[in-house]
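Here is a quick walk through one protein fold, from a single side chain out to the whole chain and back again. Keep the viewer open while you read.

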Amino acid sequence: MRSWSHDESRWGLMTVRRRRITVRGVKPVGTIQHQYANCWCFGCVAPATGEADVQLLPKLDAAHMPVFLDGVAERHQDTFTIIVLDRSGAHTAKALRLPENIALIFLPARSPERNPIEHVWENGRSQMAWKCFPHLECLEDEREAV
């Protein structure tokens, strides 16, 4: 049996800006782009081991959540998987079907601080800061490498 923490994060072509160290009084300089293409990174992390399972999908909705769950069930078919997640509409949809080896446990409403994967997203955004990508496929390749 495995316990995972799950969440999604939107990744797009708009540049992620972070603080930069500069001389006092000098504003940081960086290239930014304003393109609105994006994808969703569905991810699970095992807090006890740090193991991660990530999949990029075009949308966050009840139709794409089973695609991710089926992938997790297939990649970890040797164990029963418990996934702890928030109460997003994509997670609580009545049409959502679960694979046989997966069970969902929901966090209390409005409590993202209880979800360990939030730190993974923040770390990923820090690594992607100030990078520009010509198109979404380049971003997806970079995100998979992180």
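Is Trp130 buried or exposed? Trp130 is buried, because its relative accessible area is 18% and the cut-off for buried is under 20%. Bear in mind that this is a predicted model. Trp130 sits in the loop between helix 3 and helix 4 (136-145), just after the end of helix 3. Its backbone is worth a look too: phi is positive, about 65 degrees, although Trp130 is not a glycine.

**The overall picture**

Zooming out, the protein has four helices and five strands. Read from the N terminus, the order of elements is β-β-β-α-β-α-β-α-α. The C-alpha trace spans about 55 × 30 × 30 Å along its principal axes. Of the 146 residues, 38% count as buried. About 9000 Å² of the protein is exposed, and 53% of that area comes from carbon and sulfur atoms. As for contacts with a separation of 6 or more, 59% of them link residues that are 24 or more positions apart.

**The sheet**

How are the five strands ordered in the sheet? They make an open sheet in the order 3-2-1-4-5, with mixed pairing. Strand 3 (52-57) and strand 5 (102-106) are the edge strands; each has a single partner strand, so one side of each has no neighbour in the sheet. From one strand to the next, the twist averages 25 degrees.

Strand 1 shows where the mixed pairing comes in. Strand 1 (residues 2-12) runs antiparallel to strand 2 (residues 38-45), and eight bridges join the two. Along that pairing, Ser9 stands opposite Cys41 in strand 2. With strand 4, strand 1 pairs in the parallel sense over four bridges. Here you can find Trp4 opposite Ile83 in strand 4. As a general reminder, strands of a sheet pair through backbone hydrogen bonds, in either the parallel or the antiparallel sense.

**Helices against the sheet**

Helix 1 lies across strands 1, 2, 3, 4 and 5, and runs at about 145 degrees to strand 3. Helix 3 (residues 117-128) also packs on the sheet, where it touches strand 1 and strand 2. The direction of helix 3 makes about 35 degrees with that of strand 1.

Helix 3 has twelve residues and covers 17 Å from its first C-alpha to its last, close to the 16 Å expected at 1.5 Å a residue. Which residues of helix 3 are buried? They are Ile117, Trp121, Gly124 and Met128. Look down the axis of helix 3 and those buried residues fall within an arc of 65 degrees, so they line one face of the helix.

**Four residues to click on**

The table puts Trp130 beside three other residues, with the relative accessible area of each.

| Residue | Where | Relative accessible area | Class |
|---|---|---|---|
| Thr79 | loop between helix 1 and strand 4 | 18% | buried |
| Trp130 | loop between helix 3 and helix 4 | 18% | buried |
| Val67 | helix 1 | 38% | partly exposed |
| Arg110 | loop between strand 5 and helix 3 | 80% | exposed |

Start with Thr79, in the loop that runs between helix 1 (65-75) and strand 4 (81-85). Not counting residues up to four places away in sequence, what does Thr79 touch? The answer is Met1, Arg2 and Asn101. Thr79 counts as buried because its relative accessibility is 18%, where buried means under 20%.

Val67 belongs to helix 1. Its contacts, leaving aside neighbours within four places in sequence, are with Gln55 and Leu57. The C-alpha atoms of Val67 and Leu57 are 8.7 Å apart, and the two residues are ten positions apart along the chain. With 38% relative accessibility, Val67 is classed as partly exposed.

That leaves Arg110, in the loop between strand 5 and helix 3. Arg110 is not a glycine, yet it has a positive phi of about 55 degrees. Trp130 is likewise a non-glycine residue with a positive phi, in its case about 65 degrees. As for burial, Arg110 is exposed, with a relative accessible area of 80%, whereas Trp130 is buried at 18%.

Note on methods: Residues are numbered from 1 along each chain as its sequence is written. This is a predicted model: local features need pLDDT of at least 70, side-chain atom pairs count only at pLDDT 80 or more; totals for chains, interfaces and linings use all residues. Side-chain values use heavy atoms; hydrogens and water are left out. Buried means under 20% relative accessible area, exposed over 50%, partly exposed in between (1.4 Å probe, protein chains only). Contact means heavy atoms within 4.5 Å. Two strands pair if DSSP finds at least two bridges between them. Axes are lines fitted to C-alpha atoms, for helices over the stretch in contact, and angles run from 0 to 180 degrees between N-to-C directions. The expected span of a helix is 1.5 Å times one less than its number of residues. The arc is that of the directions from the helix axis to the C-beta atoms. Accessible areas come from the Shrake-Rupley method with a 1.4 Å probe; for residues, only the protein chains shown count as cover.
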